[in-house]
Amino acid sequence: MIEKTEAVTLRVVPFSETSHMVTWLTPGYGKLTTVIKGAMRPKSPFLGQYDLFYTCELLFYIRSRGGVHIARECAPILPRKSIRTFWRSSVCASYLCDLLARVSLEHAEQTDVYMLATDTLNFLAQRQPREALVFWFELRLLQAIGLSPRLDSCTVCRTNVPQTETVPFSHQNGGIVCGSCRSRSNTSATILTPDVRATLNAWSRAPSPRIAHNTLCSPQQHFALCELFDIMFDHLGGSNTAHRQVLLDTLSFDLGRSTP
Ligand SMILES: [Zn+2]
């Protein structure tokens, strides 16, 4: 059976001497992997039709028992080639696509994840990111896959915790713990100060990456956000700490005045 879908290219790896294995993110099928037979042959009809960060129209033979599907046709809808001319955008898009490939579900509707991916890649094609965009994306991705961290009320007793309080974020519970429950809790935690909580709350309501572009993190805020999302994605099996650290180190250089 042949299916047609819009798809973002997340990962391209060699498969045999002439073929590629391509991982896509789609709204209706979630994460999808296809073989592109003969992709590297000189006269392949697939040449130039897909690459990392592209949105494509993809026709593929679906395998009913799951596993790897076979691409039949592919055509670019939005190549986003300018990402390759902005080195910050390029390293950032590379990390975000790798993270999406790790945590997106297969055989499941992933419209929210797909919209987040395309909106963020569109932004990276126009602007060079600051480090806050990485944290904003990670928070929005957790929300999109249904694992939104609880930031307003205690994950143990459900009591609302005022925004002005510094609280531990329990990685085991996926949210904050109030002062009363804290003494009885023995789980690993990241300490969230009121300013970090306010930032996370603002980002959780902001669908556009522009808000993160306008956020400058202090070293203390950077440390807390870095640890928070690294451990959360580690629990999901989606963390790639080394890749993420290289990205954050790269983005920590001053943007300067000449960048868009
Ligand atoms: Zn509590």
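This is a guided tour of the strands and helices of a predicted model, stop by stop.

Before selecting anything, keep in mind that residues are numbered from 1 along each chain as its sequence is written. In this predicted model, local features need pLDDT of at least 70 and side-chain atom pairs count only at pLDDT 80 or more, while totals for chains, interfaces and linings use all residues.

Start by selecting residues 2-15, strand β1, together with β2, where helices (H or I, at least four residues) and strands (E, at least two) are DSSP runs numbered from the N terminus. These two strands pair in the antiparallel sense over seven bridges, pairing being assigned if DSSP finds at least two bridges between two strands. Label Val 8, and you will find Leu 25 of β2 as its bridge partner. The two strands form a hairpin with three residues between them, and Ser 16 in that turn has a positive phi of about 70°.

Next, colour residues 19-26, strand β2, which is largely enclosed by the rest of the structure because six of its eight residues are buried; a residue is buried if 20 or more other C-beta atoms lie within 10 Å of its own, exposed if 12 or fewer, and partly exposed in between, with C-beta atoms placed from the backbone.

Continue through the three-residue hairpin that joins β2 to β3 and add residues 30-36, strand β3, which pairs with β2 in the antiparallel sense over seven bridges. Here Trp 24 has Leu 32 as its bridge partner.

From β3, move to residues 69-78, strand β5, where the pairing is parallel over two bridges, and where His 69 is the bridge partner of Thr 34. Then add residues 55-61, strand β4, which pairs with β5 in the antiparallel sense over seven bridges; Leu 58 stands opposite Cys 74 in β5.

With these strands shown together, a closed barrel of five strands runs β1-β2-β3-β5-β4, with mixed pairing. The twist averages 50° from one strand to the next, taking axes as lines fitted to C-alpha atoms, for helices over the stretch in contact, and angles as running from 0 to 180 degrees between N-to-C directions.

Now select residues 87-103, helix α1, which packs on the sheet, touching β1, β2 and β3, with its direction at about 110° to that of β1; contact requires C-beta atoms, placed from the backbone, to lie within 7 Å. Residues 111-124, helix α2, lie across β1, β2 and β4, running at about 105° to β2.

Finish at Ser 170, in strand β6 (residues 167-170), which counts as buried because it has 23 C-beta neighbours inside 10 Å.

Key: Two residues are in contact if their C-beta atoms, placed from the backbone, lie within 7 Å.
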